[in-house]
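Here are a few short exercises to work through with the structure open beside you. Try each task on your own before reading its solution.

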Amino acid sequence: MREYRGEGIASGNWYFGYYTIYDGQPCIQENNGQLIAVVAQTVGQFIGRKDITGEKIYEGDILEVEFAYIWGDLFKREGVVKYSETDLKYYIDIYDNYFYKIGFDNEVVRLKRVKVVGNIINNPELLKERH
């Protein structure tokens with residue numbers, strides 16, 4: 001089964017496990033079987049990748065990313081992990097003066113360094129002003 005996380009309604013703590021809906025309420029079922037009611041907007045799936053420190057990357061995480069085009073230009077930006085329903089894969093959504101939609105398996109843009117620095121629920125201020 002796939003791993004998810006969500007912020008508990010009652011405690012505000014983050015819970016990790018399996019996503020389910022019980023009596024119409026989004027829940028995370030922990031490994032011990034306990035169901036925790038979570039805020040629906042906070043639920044994010046583990047994308048199957050880890051950052052440079054070994055931390056798991058989830059939908060909604062804010063990443064500090066260093067990437068380079070195949071011709072050598074190196075950039076450092078912050079972006080949010082999102083899922084594309086069209087492409088059926090995860091990507092990093094980066095805005096500055098230009099829009100970047102970087103896939104984790106992109107052939108033109110190479111990810112050099114990826115680090116989780118927060119998430120869009122708890123740390124929206126980490127995203128620089130979007131133009």
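**Exercise 1. Find which residues ring pairs link into a cluster, then classify a ring pair by its geometry.**

Step 1. In this predicted model, the cluster held together by ring pairs consists of Phe 16, Phe 46 and Tyr 58.

Step 2. Searching the whole structure gives seven aromatic pairs. One has the rings of Tyr 4 and Tyr 19, with centres 5.6 Å apart and planes at 40°, so this pair is tilted. The cut-offs explain the label: planes under 30 degrees apart would be stacked, and over 60 edge-to-face.

Step 3. Now place the two residues. Tyr 4 lies in strand S1 and Tyr 19 in strand S2, 15 residues apart, and the pair links distant parts of the chain. Tyr 4 is buried because its relative accessible area is 18%, whereas Tyr 19, at 36%, is partly exposed.

Step 4. Compare the rings of Tyr 69 and Phe 75: their centres are 5.7 Å apart and their planes stand at 90°, so the pair is edge-to-face. Tyr 69 has 18% relative accessibility and therefore counts as buried.

**Exercise 2. Describe how strand S2 pairs with S1 and with S3.**

Step 1. Start with S1 (residues 4–7) and S2 (residues 14–22): they pair in the antiparallel sense over four bridges. Arg 5 stands opposite Phe 16 in S2.

Step 2. Look at the turn. Six residues lie between the strands of the S1 and S2 hairpin, where Gly 12 has a positive phi near 80°.

Step 3. Move on to S3 (residues 25–29), which pairs with S2 in the antiparallel sense over five bridges. Here Thr 20 is opposite Cys 27 in S3. This hairpin has two residues between its strands, and Asp 23 takes a positive phi near 50°.

**Exercise 3. Is Val 108 buried, partly exposed or exposed, and which surface patch does Val 108 help form?**

Step 1. Val 108 sits in the loop between strands S10 (99–103) and S11 (109–119).

Step 2. Its relative accessibility is 38%, so Val 108 is partly exposed.

Step 3. Together with Ile 70 and Trp 71, Val 108 forms a nonpolar surface patch with about 330 Å² of accessible area.

**Exercise 4. Which element has the lowest mean pLDDT, and which the highest?**

Step 1. Take the whole protein: mean pLDDT is 90, with 92% of residues at 70 or more.

Step 2. By element, S10 has the lowest mean at 77 and S1 the highest at 98.

Step 3. Keep in mind that predicted coordinates should not be read in detail where pLDDT is low.

Definitions and conventions
Residues are numbered from 1 along each chain as its sequence is written. This is a predicted model: local features need pLDDT of at least 70, side-chain atom pairs count only at pLDDT 80 or more; totals for chains, interfaces and linings use all residues. Side-chain values use heavy atoms; hydrogens and water are left out. Two strands pair if DSSP finds at least two bridges between them. Patches are made of residues with over 30% relative accessible area and no salt bridge: like charges are joined within 9 Å, nonpolar side chains (Val, Leu, Ile, Met, Phe, Trp, Tyr) within 5 Å. Accessible areas come from the Shrake-Rupley method with a 1.4 Å probe; for residues, only the protein chains shown count as cover. A salt bridge is a side-chain nitrogen of Lys or Arg within 4 Å of a carboxyl oxygen of Asp or Glu. Buried means under 20% relative accessible area, exposed over 50%, partly exposed in between (1.4 Å probe, protein chains only). pLDDT is the predictor's confidence in each residue, from 0 to 100. Rings of Phe, Tyr and Trp (its six-membered ring) pair if their centres lie within 6.5 Å; planes under 30 degrees apart count as stacked, over 60 as edge-to-face and the rest as tilted.
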